[in-house]
Amino acid sequence: MADNTQGSSSQSFLEGYKQFWSERFSFLGNYSRFINRDKPIPSWSSTDVEEFIASDPVHGPVLKTAREAVQFGLAGSALGAAFTAGFAWKYSRSLHGAGLSFLAGGVFGWTFGHEIANHALQLYRVDTLAAEAKFLEWWKKKTVGY
(Lines give C-alpha, C1' and ligand atoms only; values in the text may rest on other atoms or scores of the structure.)
Protein backbone atom coordinates (compact mmCIF):
# COMPACT_ATOMS: atom_id res chain seq x y z
CA MET A 1 0.00 0.00 0.00
CA ALA A 2 2.84 2.41 0.80
CA ASP A 3 4.49 1.75 -2.58
CA ASN A 4 1.26 2.61 -4.37
CA THR A 5 0.92 5.91 -2.48
CA GLN A 6 4.51 6.87 -3.18
CA GLY A 7 4.10 6.04 -6.87
CA SER A 8 0.99 8.19 -7.01
CA SER A 9 2.75 11.07 -5.27
CA SER A 10 5.78 10.95 -7.58
CA GLN A 11 3.45 10.75 -10.59
CA SER A 12 1.56 13.87 -9.46
CA PHE A 13 4.91 15.60 -8.84
CA LEU A 14 6.00 14.85 -12.41
CA GLU A 15 2.67 16.05 -13.79
CA GLY A 16 3.01 19.28 -11.82
CA TYR A 17 6.59 19.68 -13.01
CA LYS A 18 5.57 19.17 -16.64
CA GLN A 19 2.68 21.60 -16.26
CA PHE A 20 4.98 24.20 -14.67
CA TRP A 21 7.49 24.08 -17.53
CA SER A 22 4.86 23.86 -20.26
CA GLU A 23 3.39 27.13 -18.96
CA ARG A 24 6.83 28.76 -18.98
CA PHE A 25 7.55 27.64 -22.55
CA SER A 26 4.03 28.03 -23.94
CA PHE A 27 5.36 30.41 -26.61
CA LEU A 28 6.91 27.41 -28.36
CA GLY A 29 3.39 26.34 -29.32
CA ASN A 30 3.33 29.26 -31.77
CA TYR A 31 6.20 27.71 -33.70
CA SER A 32 5.47 23.98 -33.40
CA ARG A 33 3.54 23.85 -36.68
CA PHE A 34 6.57 25.33 -38.45
CA ILE A 35 9.25 23.33 -36.66
CA ASN A 36 7.70 19.84 -36.48
CA ARG A 37 7.44 19.28 -40.23
CA ASP A 38 8.54 16.47 -42.49
CA LYS A 39 9.96 18.92 -45.03
CA PRO A 40 11.40 22.20 -43.70
CA ILE A 41 10.13 25.58 -44.89
CA PRO A 42 12.48 27.16 -47.45
CA SER A 43 14.73 29.91 -46.16
CA TRP A 44 13.84 33.54 -46.77
CA SER A 45 15.79 36.72 -47.38
CA SER A 46 15.46 40.22 -45.97
CA THR A 47 13.65 41.20 -49.19
CA ASP A 48 10.94 38.66 -48.38
CA VAL A 49 10.61 40.07 -44.86
CA GLU A 50 10.34 43.60 -46.26
CA GLU A 51 7.61 42.39 -48.63
CA PHE A 52 5.67 40.97 -45.67
CA ILE A 53 6.13 44.19 -43.70
CA ALA A 54 4.72 46.19 -46.61
CA SER A 55 1.81 43.79 -47.16
CA ASP A 56 0.54 43.34 -43.59
CA PRO A 57 -0.66 46.58 -41.95
CA VAL A 58 -1.14 44.97 -38.51
CA HIS A 59 1.82 42.64 -38.01
CA GLY A 60 4.23 44.28 -40.49
CA PRO A 61 5.15 47.29 -38.34
CA VAL A 62 5.54 45.07 -35.28
CA LEU A 63 7.95 42.79 -37.15
CA LYS A 64 9.86 45.81 -38.43
CA THR A 65 10.22 47.13 -34.88
CA ALA A 66 11.37 43.71 -33.66
CA ARG A 67 14.01 43.65 -36.40
CA GLU A 68 15.20 47.09 -35.29
CA ALA A 69 15.51 45.81 -31.73
CA VAL A 70 18.01 43.21 -32.91
CA GLN A 71 20.37 46.04 -33.88
CA PHE A 72 20.36 47.26 -30.28
CA GLY A 73 21.23 43.75 -29.12
CA LEU A 74 24.05 43.40 -31.64
CA ALA A 75 25.53 46.77 -30.71
CA GLY A 76 25.30 45.95 -27.01
CA SER A 77 26.87 42.56 -27.59
CA ALA A 78 29.80 44.01 -29.54
CA LEU A 79 30.41 46.75 -26.99
CA GLY A 80 30.08 44.42 -24.01
CA ALA A 81 32.39 41.83 -25.52
CA ALA A 82 35.06 44.35 -26.52
CA PHE A 83 35.08 46.29 -23.26
CA THR A 84 35.07 43.32 -20.89
CA ALA A 85 37.70 41.43 -22.88
CA GLY A 86 39.86 44.56 -23.08
CA PHE A 87 39.50 45.19 -19.37
CA ALA A 88 40.36 41.57 -18.54
CA TRP A 89 43.36 41.59 -20.89
CA LYS A 90 44.64 44.91 -19.52
CA TYR A 91 44.66 43.75 -15.91
CA SER A 92 45.38 40.04 -16.18
CA ARG A 93 47.15 39.34 -19.49
CA SER A 94 45.43 36.00 -19.40
CA LEU A 95 44.24 34.70 -22.76
CA HIS A 96 41.64 32.34 -21.34
CA GLY A 97 40.38 35.03 -18.95
CA ALA A 98 40.05 37.53 -21.79
CA GLY A 99 38.25 34.90 -23.89
CA LEU A 100 35.79 34.11 -21.13
CA SER A 101 35.28 37.83 -20.51
CA PHE A 102 34.66 38.30 -24.23
CA LEU A 103 31.95 35.64 -24.19
CA ALA A 104 30.34 36.84 -20.97
CA GLY A 105 30.48 40.49 -22.07
CA GLY A 106 28.81 39.55 -25.35
CA VAL A 107 25.96 37.81 -23.57
CA PHE A 108 25.53 40.58 -21.00
CA GLY A 109 25.77 43.25 -23.70
CA TRP A 110 23.12 41.47 -25.78
CA THR A 111 20.84 41.32 -22.76
CA PHE A 112 21.30 44.99 -21.87
CA GLY A 113 20.97 46.08 -25.50
CA HIS A 114 17.76 44.11 -25.87
CA GLU A 115 16.40 45.60 -22.66
CA ILE A 116 17.23 49.11 -23.88
CA ALA A 117 15.44 48.32 -27.16
CA ASN A 118 12.48 46.99 -25.22
CA HIS A 119 12.05 50.35 -23.52
CA ALA A 120 13.17 52.66 -26.35
CA LEU A 121 10.98 50.97 -28.98
CA GLN A 122 8.24 50.06 -26.48
CA LEU A 123 8.27 46.39 -27.43
CA TYR A 124 6.44 45.54 -24.22
CA ARG A 125 3.28 47.03 -25.80
CA VAL A 126 3.20 44.72 -28.83
CA ASP A 127 3.20 40.97 -29.41
CA THR A 128 6.35 40.28 -31.40
CA LEU A 129 5.91 36.50 -31.23
CA ALA A 130 2.53 36.77 -32.94
CA ALA A 131 4.06 38.93 -35.68
CA GLU A 132 6.84 36.39 -36.22
CA ALA A 133 4.33 33.55 -36.33
CA LYS A 134 2.22 35.49 -38.87
CA PHE A 135 5.30 36.01 -41.01
CA LEU A 136 6.11 32.30 -40.91
CA GLU A 137 2.50 31.51 -41.82
CA TRP A 138 2.62 34.01 -44.70
CA TRP A 139 5.94 32.61 -45.92
CA LYS A 140 4.66 29.05 -45.75
CA LYS A 141 1.57 29.97 -47.81
CA LYS A 142 3.72 31.83 -50.32
CA THR A 143 6.33 29.10 -50.83
CA VAL A 144 4.60 25.81 -50.03
CA GLY A 145 1.07 26.89 -50.86
CA TYR A 146 -0.88 25.62 -47.83
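1. Let's start with Ser94. In this predicted model, Ser94 sits in the loop between α4 and α5. You might expect a loop residue to be out in the open, so check the number: Ser94 has 17% relative accessibility and counts as buried, because the cut-off for buried is under 20%. Its side chain also has a partner in the backbone: a polar atom of the Ser94 side chain lies 3.2 Å from the backbone nitrogen of Gly97.

2. Now look at Arg93, in the loop between α4 and α5. Is Arg93 buried or exposed? Its relative accessibility is 56%, so it counts as exposed. The backbone deserves a look here too: phi of Arg93 is positive, about 55°, although Arg93 is not a glycine.

3. There is another positive phi to visit, at Gln122. This residue is not a glycine either, and its phi is near 55°. You'll find Gln122 in the loop between α5 and α6. With 35% relative accessibility, Gln122 counts as partly exposed.

4. Time to step back for the overall picture. The protein has six helices and zero strands, so if you read the elements from the N terminus on, you get α-α-α-α-α-α. The protein has 146 residues, and 27% of them count as buried. How much of the contact list comes from residues far apart in the sequence? Taking contacts with a separation of 6 or more, 74% are between residues 24 or more positions apart.

5. Helix α3 is a nice one to turn around on screen. Which residues of α3, spanning 46-55, are buried? They are Asp48, Val49, Phe52 and Ile53. These buried residues lie on the same side of α3, because they cover an arc of only 140° around the axis. Rotate to the other side of α3 and you meet Thr47 and Ala54, which are exposed. As for what the buried side faces, the buried residues of α3 pack against α4 and α6.

6. Phe135 lets you see that packing from α6, the helix in which Phe135 lies. At 5% relative accessibility, Phe135 counts as buried. Leaving aside residues up to four places away in sequence, Phe135 touches Trp44, Asp48, Val49, Phe52 and Leu63. Pick out Asp48 from that list: Phe135 and Asp48 are 87 residues apart in sequence, yet their C-alpha atoms are 9.6 Å apart in space.

7. Ala69 is worth a click as well. It belongs to helix α4 and has 0% relative accessibility, so it counts as buried. What does Ala69 touch, if you skip residues up to four places away in sequence? The contacts are His114, Ala117, Leu121 and Leu123. For Leu121, the sequence gap from Ala69 is 52 residues, while the C-alpha to C-alpha distance is 7.4 Å.

8. Ala69 also brings us to the largest pocket, since Ala69 is one of the residues that line it. About 170 Å³ of space lies in this pocket. The full lining is Leu63, Ala66, Arg67, Ala69, Val70, His114, Glu115, Asn118, Leu123, Thr128 and Glu132. Two or more lining residues come from each of α4 (59-92), α5 (95-120) and α6 (128-143). Which helix gives the most? That is α4, with five residues. By type, the lining divides into five nonpolar, three polar and three charged residues.

9. One last stop in the pocket lining is Glu115. Glu115 is found in helix α5 and is partly exposed, with a relative accessible area of 40%. If you want a landmark across the fold, try Gly76: Glu115 and Gly76 are 39 residues apart in sequence and 9.9 Å apart in space, going from C-alpha to C-alpha.

Methods
Residues are numbered from 1 along each chain as its sequence is written. This is a predicted model: local features need pLDDT of at least 70, side-chain atom pairs count only at pLDDT 80 or more; totals for chains, interfaces and linings use all residues. Side-chain values use heavy atoms; hydrogens and water are left out. On a 1 Å grid over the protein atoms alone, a cavity is a set of points where a 1.4 Å probe fits but cannot get out, and a pocket is an open set with protein on both sides within 12 Å along at least five of seven lines; lining residues have an atom within 4 Å of a point. Grid points are joined across faces, edges and corners, and a volume is the space filled by probe spheres set on the points. Helices (H or I, at least four residues) and strands (E, at least two) are DSSP runs, numbered from the N terminus. Ala, Val, Leu, Ile, Met, Phe, Trp, Tyr, Cys and Pro count as nonpolar, Asp, Glu, Lys and Arg as charged, and the others, Gly among them, as polar. Buried means under 20% relative accessible area, exposed over 50%, partly exposed in between (1.4 Å probe, protein chains only). A polar contact is a pair of N or O atoms within 3.5 Å; within protein, one must be able to donate a hydrogen and the other to accept it, and residues adjacent in sequence count only if both atoms are side-chain atoms. The arc is that of the directions from the helix axis to the C-beta atoms. Contact means heavy atoms within 4.5 Å.
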